[in-house]
Amino acid sequence: MSDEVTGTLVWYYAICPRQVWLMAHEVEPEREYDLLAEGRQIEAEHYQRSAKDVQLPGMRIDRIRREKGQLVISEVKKSSRYMRAARLQVCYYLWRLQQEGVQAKGEVLVPEERKREVVELTPEAQAELEEVMRGIQEVMQAERPPDARKIRYCGSCAYEEFCWA
């Protein structure tokens, strides 16, 4: 088990803490789950000109580019349904880059909806992120996953069968 917080875990925690425990304990979601595959396809189709899929320790940034001399990182999502989780994920990336002395701007892109939301690492956003990271650590260190709870996202979750079988 890894105890490292990652952008993906920040995303999962904002949706369902149970997913954090499952991922941290290497219980992978169904890899060919239709919605995951569809999300990867949307990302590949819509943003071919910008650098893509930059991987750094604990981060997999979907897109990175320079705009007027400023580094801009982008997270590409299938829909705006999980916008809070996406914003937190981008804040995590901005925070991690800031820890390394790299200043950047962030955004969430939802190509199917033609949406672009700018994300800034404000003091309020950083405080929320720090609270989320503490929560992630607690969940990961627990002996068992949090109990399954039916939430509005369960129907589109790659772990649905695992939780409700």
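# A guided tour of the predicted model

Buried residues account for 43% of the 165 residues in the chain. The model is predicted, and the stops below proceed from the whole chain to individual side chains.

**The whole chain.** Begin with a cartoon view of the complete chain. Six helices and five strands are present, and along the sequence they follow the pattern α-α-α-β-β-β-α-β-β-α-α. Of the contacts with a separation of 6 or more, 66% are between residues 24 or more positions apart. If a surface is displayed, the exposed area is about 9800 Å², and carbon and sulfur atoms supply 46% of that area.

**Helix α1.** Select residues 7-15, which form helix α1. Which residues of α1 are buried? They are G7, L9, V10, W11, Y12 and I15. Now add residues 17-24, 83-99 and 123-141 to the selection: these are helices α2, α4 and α5, and the cover over the buried residues of α1 includes them.

**W11 and its neighbours.** Keep W11 selected and show its side chain. The charged end of K77 sits over the ring of W11, at 3.7 Å from the ring centre. W11 also belongs to a cluster in which ring pairs link it with Y82 and Y153.

**The pair Y82 and Y153.** Next, select these two tyrosines. A search of the whole structure finds five aromatic pairs. Y82 and Y153 form a tilted aromatic pair, with 4.8 Å from centre to centre and 45° between the planes. Where in the chain do Y82 and Y153 lie? Y82 is in the loop between β3 (70-76) and α4, whereas Y153 is in the loop between α5 and α6 (160-164), so the pair ties together parts that are 71 residues apart in sequence. Both rings belong to buried residues: Y82 has a relative accessibility of 17%, and Y153 has one of 14%. The cut-off for a buried residue is under 20% relative accessible area, so Y82 at 17% falls within it.

**A salt bridge between helices.** The search for salt bridges covers the whole structure and finds eight. Select R84 and E128, whose side chains meet in one with an N to O distance of 2.8 Å. The pair links distant parts of the chain, for R84 belongs to helix α4 and E128 to helix α5, 44 residues apart. Are these residues buried, partly exposed or exposed? R84 is partly exposed at 42% relative accessible area, and E128 is partly exposed at 33%.

**The β4-β5 hairpin.** Move to residues 104-110 and 115-119, which are strands β4 and β5. The two strands pair in the antiparallel sense over five bridges. To check the register, select V108, which stands opposite E117 in β5. The strands form a hairpin with four residues between them.

In the loop between β4 and β5, select R114. Its phi is near 55°, a positive value in a residue other than glycine. R114 counts as exposed, at 80% relative accessibility. Beside it in the sequence, E113 forms a salt bridge with K115, in which the closest N and O atoms are 3.6 Å apart. E113 is partly exposed, with a relative accessible area of 32%, and K115 is likewise partly exposed, with 42%.

**A network of charges.** Remain with the hairpin and show the side chains of E107 and R116. These side chains meet in a salt bridge with an N to O distance of 2.6 Å. E107 counts as buried, at 2% relative accessibility. Extend the selection to R65 and E67: together with E107 and R116, they are linked in a network of salt bridges.

**The loop at K68.** For the final stop, select K68, which is placed in the loop between β2 (59-67) and β3. What is the phi of K68? The angle is near 55°, a positive value in a residue other than glycine. K68 is exposed, with a relative accessible area of 87%.

Definitions and conventions:
Residues numbered from 1 in each chain as written. Predicted model: local features only at pLDDT ≥ 70, side-chain atom pairs only at ≥ 80, totals over all residues. Heavy atoms only, no water. Pairing = 2+ DSSP bridges. Buried < 20%, exposed > 50% of the residue type's maximum accessible area, 1.4 Å probe, protein only. Contact = heavy atoms within 4.5 Å. Salt bridge = Lys/Arg side-chain N within 4 Å of Asp/Glu carboxyl O. Phe/Tyr/Trp six-rings, centres within 6.5 Å; stacked < 30°, edge-to-face > 60°. Lys NZ or Arg CZ within 6 Å of the ring centre and 35° of its normal. Areas by Shrake-Rupley, 256 points an atom, 1.4 Å probe, with all protein chains shown as cover.
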